[in-house]
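Reader: I am new to this structure. Please take me through the terms used for it and show how each one is earned.

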Amino acid sequence: MHLLRKSMPLVVLAAVTVTLIVLGGCPPAPEPDAGGEIIPPPGEGAETPGATLEGEPIKIGGIFDITGPASSLGVPERNTAQMLEDQINEEGGVNGRPIEIVIRDTKGDETQGINAVRELIDKENVVAIVGPSRSGTTLGIIDTVTNAEIPLVSCAASRKITEPTKKWVFSTPQSDTDAVAKIYEYLSNEGITKVALLTASSGYGISGLEQLQAQAPDAGLEIVAEEQFADTDTDMNPQLTRIRGTDAEVVIVWGVGKAPALIARQMKQLGIEAQLIQSHGVANRDFINNAGDAAEGVILPAGKLLVAEQLPDDDPQKELLLEYASDYEERFGERADTFGGHCWDAVMLVVNAIRENGPTPAEIREGIENTTGFHGIGGEFNFSEDAHYGLSPDAFVMVRIEDGDWTLIE
Amino acid sequence: MAARERPHTDEAIVPNEAERHAARRRAEKLQIVAFFGIMALVPFGIGNDYYLHILIYIGLHLILATGLNLLMGYAGQVSLGHAAFYGIGAYASGILTATYGWNPWLAMLAALLLTCVVAWLVGKPTLRLRGHYLAMATLGVGIIVAVVIRQWTDLTGGSAGLTGIPSMTFFGHELTSDQDLQYYYFVWAWAAALTVLFANLVASRPGRALRALHDSELAAQVLGVDTAGFKVRAFVISAAYASIAGTLYAHSSMRFLSPTPFGFHTSIALLVMVVLGGQGTLWGPVLGAFTITLIEETLRPYADYDIIVYGLLLMVLMIVMPGGVSRALGSLIDLVRGWVPALRGGDEP
C-alpha cells in the first residue's frame, strides 16, 4: 500500500500531462504532431471565424436533443439538417462556397448543451447555430451565444426565448399565442360565445392557459369553466363531469402526450355534446392512434405541413411543403413532421441571411433580423429589430380529424 | 500521544507507523500543492476558451466526486441520489438570488444548510441499520427532489427552467458570464480548498475511524467507534460538497437551471467517476472527474455511437483496472520503477 502512495505524485503528474496533451491538441503553439492526432477533428484548420477563403466551407453549428427524452424532436431536426446540407451543396452551395453543418447532441441535458455550444463556437468556429430542440437547452445557452456574438436560431417554442427580444437569438416554431389567436378567430367566426378550458399542469399547459384567458375578452368569449389535469392522470371524469354541468359550447384542451387522447375518449363516454378543440401539441399521428374513434371530429390548429396536399394551389407555401415532405420521406422512409420543419426554417433563414447579407456572424444576425416575407415550412417569416419571433397566426390552419386523417377547414 | 503510554512491546512499531503517517501527510501536502499549482498555470498553456470552459465543469465534478468519495471510499456507503444534493444546492442558490434577490454568498450558505438538514434527516435513521439501506433511501431522495423540481413550478420554474440568476460576486467584483478565466480560478480555488479539507478530514481521528469501519464495521464498534454517528457525519459532509458544487453551477456561465442535469444519470455518472478513479484514495476521484468529463467531450462528435463507445470504455476499464485508474497507474509506475533502477528513490527502506 505505501509503495502505491509514494507513487501518487507521479500518477497525478502523469494524469495532468495526459490532460494537457489532450486539451492542448489544438492551440496555435508550435506543438509537434503528438497532440494533433488525439482529437480527431472533423475539418480542422479554420483559423479565423468566418474566414472568407474561396471554396472553404461555411460552418454552421446544429445542436439538437438527438438522444434523451426529447429525441422525437431532435431526430427529425438532425435528419433535416443533414438533408439540407447535401441539397444545398449539390446545388452549388452558398455564394459559391459549400456549407457544412456541424451537428452535436445535447442528450437533452443542459450541461451537455452548453458544452456542445462552446465546442461549436470556440473549436469549430461556426458562424451561426441552429437549435437546440427544447426551451430548456435553448435558455441555457443564451448568455453564451450572446457573449460570443454568434447568432442562434432556436427550434424551441417558449416565449421566454424571444421575449424580451435578445440581440443574437431568434426562434422558428409557431407560438401558443398564435395558436390561441387562430382558435379564437375560428370560434368567433362560428358565432360561439361560451368555452370551457381543460389545461395541463405542465409548462406547456400553463402557458396555454395564460393565453386562453388573456385573449378571451377581445374575442368576445366567456370562459364558463376552468379545469386542470396532470400529464400522468388516467381519470378525467371529475373535471369532465363539472364541465358537463355548464352551458359550454366548446371544450378547449391544452396538453401533449397521452392525456389529451384520454380526454377525447372519456368525453365521448360521458356523452358530452360540446365540440372538442385541442391544441397544436397533439398535431401528430399518435393522437389519432391513441384516441381512436373519439378523435373523429376533433378540431385543432396545426402547421400547414400536416395538410399540404389539401392547401389551395395559390398558397405560397404549398409547393415547398410538398417538396420537403417527399424529399424527407424518400430519404428517411418516414413522414416529415413539424419539428423537422422548425429546423428547415432555422437552417434556411441562416443560409438566406448569408446569401443576402454575408457570411460573418454579425452579417448573418443582421440578415435574419431584416428578413421579411420569407416562406418556410412553418409559415411566412417577418423579422424586425424588436420581433425575433417571425410568424403570425396565419402560420396555422384549422384542421378537423375525419376518417382518421387531417382535413383542412376552409 | 496515547500510544506512548502503551506497553513496551508496541514501542518499536508505533513510532515507525506514526512516522510513516507523517511522511505520507507531507507527501500528500506536496502533491496537493503541486497539482493545484499546475492547475493554476493551465489557463496560460491552453489556447482555446472551450477547454477553459470544460475545465470549469471538471472542477465542479472534482468537488462532487471528492465529496462522494468520503462516503463511498471511507464510510463504505453508496449514494444513488447524489445529484439530488447537487440540485438542492443549485436550486436553493438560484431561487434565493433570482427570485428573492439575496446576496449569492448568503444564498450559498442557506443552500448548504438546507442540504445538510435534508442529508441528516435521510442519514440519521437509515445509517443506524447495517447494510445498504442508505443506497435505497438516497435513490428515493433523488426521485423526490427531481419530482419537486419539475412540479413545484411556481418556485422552481418546473421543466421550463429557472432564469435570471445573477452572477457570483467576489469582494464586490462581479464574476460575469463572459469571464471564463475568473470563474475558472473561482471554481478551482473552491476545489483546492475542499480537497485540502478532505485530506485533513481523512487523516484525522474521524477519518481513521471511518476507514476502520469501512474495513469492518463490527471491529470498529468493538474498538469503541460510534459507527452510526461517523457515517451520518460523512454523509452530511459529502452532501455539503455536492451543495457547494451546485451553487457554483447555478452561477456559472449558464445562469439558468433546469431539472435534467440533476437527474438519476448524473448520480450514476458521479458514482462512476469515484469507482473508475479509485475510491478511498485522495486522487482517485480527481482522475475520475477528468477521465469521465474528457471521454464525454471527445466522444461527442461521434453522435449516435458515443453511448456505445462510452459503455464499452467503462466496461474495459473496470475489467482491466478493478481498483480504479489511480491504483492501476500506481502499480504501473511501481512496475516501471522496478525496471529502471535510476527511478528507485533512496527514501525506500
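**Salt bridges, sheet and confidence**

Author: A network of salt bridges links A:Lys59, A:Arg104, A:Glu119, A:Glu124, B:Glu297 and B:Arg300. The model is a predicted one.

Reader: What makes the pair B:Arg300 and A:Glu119 a salt bridge?

Author: The closest N and O atoms of B:Arg300 and A:Glu119 are 3.3 Å apart. The cut-off is 4 Å between a side-chain nitrogen of Lys or Arg and a carboxyl oxygen of Asp or Glu, so the pair B:Arg300 and A:Glu119 counts.

Reader: Why can it be said that this pair joins two chains?

Author: B:Arg300 sits in the loop between helix H13 (284–299) and helix H14 (306–320) of chain B, while A:Glu119 belongs to helix H4 (residues 110–123) of chain A, so the pair joins two chains. Both B:Arg300 and A:Glu119 are buried.

Reader: Which pair lies within helix H7 of chain A, 3 residues apart?

Author: A:Glu185 and A:Lys182 both lie in helix H7 (residues 176–190) of chain A, with a spacing of about one turn of the helix. Their closest N and O atoms are 4.0 Å apart, and the pair forms a salt bridge.

Reader: Is A:Lys182 called buried or exposed, and why?

Author: The relative accessible area of A:Lys182 is 13%. Buried means under 20%, so A:Lys182 is buried. Its partner A:Glu185 has 37%; this value falls between the 20% and 50% limits, so A:Glu185 is partly exposed.

Reader: What does the salt bridge between A:Asp405 and A:Arg285 tie together?

Author: A:Asp405 is in strand E14 (residues 405–408) of chain A and A:Arg285 in helix H11 (residues 285–291) of chain A, so the pair ties together parts that are 120 residues apart in sequence. The N to O distance is 3.5 Å. A:Asp405, at 34%, is partly exposed, and A:Arg285 is partly exposed at 31%. Over all chains, the search finds 22 salt bridges.

Reader: How do you know that A:Cys155 and A:Cys343 form no disulfide?

Author: The sulfur of A:Cys155 has its closest cysteine sulfur in A:Cys343, at 4.9 Å. A disulfide needs the two sulfur atoms within 2.5 Å, so this pair is too far apart for a bond. The count over all chains is 0 disulfides. A:Cys155 is buried with a relative accessible area of 3%, and A:Cys343 is buried with 0%.

Reader: Why are strands E2 and E5 of chain A said to stand at the edges?

Author: The sheet is open, with 5 strands in the order E2-E1-E3-E4-E5 and parallel pairing. Strand E2 (99–105) and strand E5 (169–171) of chain A each have a single partner strand, so one side of each is left without a neighbour in the sheet. Neighbouring strands are turned by 25° against each other on average, direction ignored.

Reader: What makes E1 and E2 of chain A partners?

Author: At least two bridges are needed. Strand E1 (residues 58–64) of chain A pairs with E2(A) over 7 bridges in the parallel sense, so the requirement is met. In this pairing, A:Gly62 stands opposite A:Ile103 in E2(A).

Reader: Where is confidence lowest in chain B?

Author: Confidence in chain B is lowest in helix H1 (residues 8–11), with a mean pLDDT of 48, and highest in helix H4 (residues 82–98), at 96. Chain B averages 86.

How values were computed:
Residues numbered from 1 in each chain as written. Chains lettered and ligands numbered in written order. Predicted model: local features only at pLDDT ≥ 70, side-chain atom pairs only at ≥ 80, totals over all residues. Heavy atoms only, no water. pLDDT = per-residue confidence, 0-100. Helix = DSSP H or I, 4+ residues; strand = E, 2+ residues; numbered from the N terminus. Axes fitted to C-alpha atoms, helices over the stretch in contact; angles between N-to-C directions. Buried < 20%, exposed > 50% of the residue type's maximum accessible area, 1.4 Å probe, protein only.
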